[in-house]
Amino acid sequence: MIKGRMYVNGEWTGDSLDTIDVLNPATGEQVGTIPNGGKEEARAAIEAAHQAFPEWAALTALERANYLMKWHDLILENKDEIAEILTKEMGKPLAEAKGEIVYSASFISWFAEEGKRVYGRTVPASSPNKRIHVQKQPVGVVASITPWNFPAGMITRKMAPALAAGCTFVAKPAELTPLTAIKLVELCEEAGFPKGVVNLVMGDAKAIGEEMTSNENVRKLTFTGSTAVGKLLMKQSAERMLNVSLELGGHAPMIICDDADLDKAVDGVIASKFRNAGQTCVCGNRIFVQEAIVDAFLAKLKEKTQTLKVGNGLEEGVHIGPLIEKKGYDKVKKHVEDAVEKGAKVIIGGEGAEEGNAYFYQPTILTNISDDMLVMNEETFGPVAPIQTFKTDEEVIAKANNTRYGLAAYFFTENYSRGMKLSEKLEYGIVGWNDGVPAVAQAPFGGMKESGLGREGGQEGMEAFLETKFLSIGL
Ligand code: ADP
């Protein structure tokens, strides 16, 4: 049992508050508790970050990078312990959890270096007696709200560039998975970050979100989660023109062309669709296969999917863990039932298992899919692969883009000019061409349309935490 605390101004706090239980989604057992913080705690954390900002911003990029690299090294040294906590509170298989820890650390090392390259520029002036400089400065205090599906990765992807840029930080992890975040912040303390630079609050998400958006000392809000909550936070932020980055829902199409390498396509679909039990915003949600190859593709996909074992992620050989909670499980069940009622054929799976407070769902492949089914219109967030066929590229592009989301899209073809044309026409922020798992620290990740605003990772991920100042000098 882990007794979690909040971290405000270099102190572990929250003992006097009510607690929230953290449960293991694979067993329903309690793995820890956290304090039920709210407005006041958020305000104290923002104040601490505000006080710490000038000194942190005044350090050189190299000094900040040194702190970040200490944190990075400690995370990797403690990888196994953090991964176990992550699996216990979130459910993903241990091997995936370890992968997530390495992925999380990669943002820290990459942005520690990128912080050294926050260049301004000089611009030719219009008059001989003037000089124009463009300077980059940290935005200030950053407030972050992150989801449960990547309890470590979503935090470092925001915190590493913010800290590298010279910002101070208040993190609010998801209440379902706060223990990984607590461990990461313990390692920040061990790395020696000055007090107030990193703060952690949790509890009443609505109250904390309201404080984060209304407190004038917060200069940037960075959020990953549902489109509904993203819109709400954007509305709240509009009141004082708060700078926001939003990484929201997706409804990713995966297009398998008749000239695809079928093994690559099947591996890509399995990696994208069944990783994290299908609980990722970039996971393939609608699979379009060109008519001529559908039988061959389905046979291979079925064969590989049959080998995936569902169970407790701590057990050896498990590929698919539980769904995070009943609400998510009910949604997956509803999507499959709705599809079957409307004529879908279950090729494999199609069933869940409720074990006490734990909810598992078999990897599922569905065919005979029509456009009116829920699976074709909403993010399922579960291990369900609906397969539709298509005839022409024009037709499949129109279907792929026929959604209010625009986060990730994938296609599989060995034909270069066909691939270039497909990639140019897809209205998505991330496009995987023969690649089911494109996200890396050095590339900009984020969505178009209602999938969000801004990018994380890459140069754009640093830019999100910088202000641009135009300095005009008269000589
Ligand atoms: P999910 O469906 O992934 O749980 P949410 O958008 O509900 O997505 O949650 C993502 C994050 O947003 C979590 O940290 C959650 O606590 C937080 N959250 C939920 N509702 C609000 C709100 N009204 N204001 C601020 N944060 C919220």
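**Ligand site and a three-stranded sheet**

In this predicted model, a polar side-chain atom of W148 is placed 3.1 Å from an oxygen atom of the ligand, where a polar contact denotes a pair of N or O atoms within 3.5 Å. For K172, a polar side-chain atom lies 3.0 Å from an oxygen atom of the ligand, and an N or O atom in the side chain of E175 is likewise 3.0 Å from a ligand oxygen. The protein buries 76% of the 560 Å² that the ligand exposes when taken alone (accessible areas by the Shrake-Rupley method with a 1.4 Å probe).

Residues are numbered from 1 along each chain as its sequence is written. Local features require pLDDT of at least 70 and side-chain atom pairs pLDDT 80 or more, whereas totals for chains, interfaces and linings use all residues, and side-chain values use heavy atoms, with hydrogens and water left out.

Around the ligand stand 17 residues (a heavy atom within 4 Å), of which T146, W148, K172, E175 and S226 come nearest. This shell comprises 9 nonpolar, 5 polar and 3 charged residues. At least two shell residues each are supplied by α7 (205-214), β11 (218-224) and α8 (227-238), helices being DSSP runs of H or I with at least four residues and strands runs of E with at least two.

Elsewhere, 3 strands form an open sheet of mixed pairing in the order β1-β5-β4, where pairing requires at least two DSSP bridges. Strands β1 (2-3) and β4 (19-23) are the edges, each pairing on one side only. Strand β4 runs antiparallel to β5 (residues 30-35), to which 5 bridges join it; T19 has P35 of β5 as its bridge partner.

Key. Polar contact = N/O pair within 3.5 Å; in protein donor to acceptor, adjacent residues only side chain to side chain. Nonpolar A, V, L, I, M, F, W, Y, C, P; charged D, E, K, R; others polar.
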